[in-house]
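This report describes the fold, the interior and the surface of one protein chain. Please consult the sequence and the coordinates alongside the text.

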Amino acid sequence: KYIDIQYLAVGADIIGWRPTELCDRIATPYDEEKDIGFFYDRPETWAEVPEGYFAILFPDDAHAPLATTGNVHKVVVKVAVDFPTL
């Protein structure tokens, strides 16, 4: 339901990525309130996001952030993509 914008304020992060449509080994079911779920499936791609940059992750992007060994401080903003009807 959300797009994650992850801004690296301090340090660099390494984020693993895989399309959720290719993830079929559920470790922890999706928790709608916390907007998180876990898979046993391994990422297909790894990307380094340096300090001062950001990553945009869509709801169909399974991602594994914080695969770095350094100290990281980041700001995560969640943007709703399925707005409720008024």
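The following paragraphs treat the overall architecture, then the interior, and finally a patch on the surface.

The model is predicted. Its secondary structure comprises eight strands and zero helices, so that the order of elements from the N terminus reads β-β-β-β-β-β-β-β. The C-alpha trace spans about 40 × 35 × 15 Å along its principal axes. Of the contacts with a separation of 6 or more, 79% join residues 24 or more positions apart. Among the 86 residues, 22% count as buried. The protein exposes about 6400 Å², of which carbon and sulfur atoms supply 57%.

**Interior**

In soluble globular proteins, nonpolar side chains tend to be buried together. Here the largest nonpolar core has five residues, namely L8, I15, V49, A55 and V72. Beyond residues up to four places away in sequence, the core member I15 touches Q6, T45, W46, A47, V49, A55, H63, A64 and P65; V49 and A55 belong to the core as well.

A charged residue also merits attention. Is D13 buried or exposed? D13 has a relative accessible area of 0% and is therefore classed as buried, since the cut-off for that class is under 20%. This residue lies in strand β2, which covers residues 13-19. The D13 side chain makes a polar contact with the side chain of K74 at 2.7 Å. Apart from neighbours within four places in sequence, D13 is in contact with Q6, L8, A47, E48, V49, P65, L66, A67, T68 and K74. Two of these partners, L8 and V49, are members of the largest nonpolar core.

**Surface**

A nonpolar patch on the surface is formed by Y7, F54, I56, F58, V75, V77 and V79, with about 600 Å² of accessible area together. Strands β6 (54-57) and β8 (73-80) each supply at least two of the patch residues. Which strand gives the most to the patch? That strand is β8, with three residues. One member of the patch, I56, is placed in strand β6. Its relative accessibility is 41%, and I56 therefore counts as partly exposed, between the limits of 20% and 50%.

The two residues examined individually are set side by side below.

| Residue | Strand | Relative accessible area | Class |
|---|---|---|---|
| D13 | β2 | 0% | buried |
| I56 | β6 | 41% | partly exposed |

Note on methods
Residues are numbered from 1 along each chain as its sequence is written. This is a predicted model: local features need pLDDT of at least 70, side-chain atom pairs count only at pLDDT 80 or more; totals for chains, interfaces and linings use all residues. Side-chain values use heavy atoms; hydrogens and water are left out. Helices (H or I, at least four residues) and strands (E, at least two) are DSSP runs, numbered from the N terminus. Buried means under 20% relative accessible area, exposed over 50%, partly exposed in between (1.4 Å probe, protein chains only). A polar contact is a pair of N or O atoms within 3.5 Å; within protein, one must be able to donate a hydrogen and the other to accept it, and residues adjacent in sequence count only if both atoms are side-chain atoms. Contact means heavy atoms within 4.5 Å. Patches are made of residues with over 30% relative accessible area and no salt bridge: like charges are joined within 9 Å, nonpolar side chains (Val, Leu, Ile, Met, Phe, Trp, Tyr) within 5 Å. Accessible areas come from the Shrake-Rupley method with a 1.4 Å probe; for residues, only the protein chains shown count as cover. A salt bridge is a side-chain nitrogen of Lys or Arg within 4 Å of a carboxyl oxygen of Asp or Glu. A nonpolar core is a set of buried Ala, Val, Leu, Ile, Met, Phe, Trp, Tyr and Cys residues joined through side-chain atoms within 4.5 Å.
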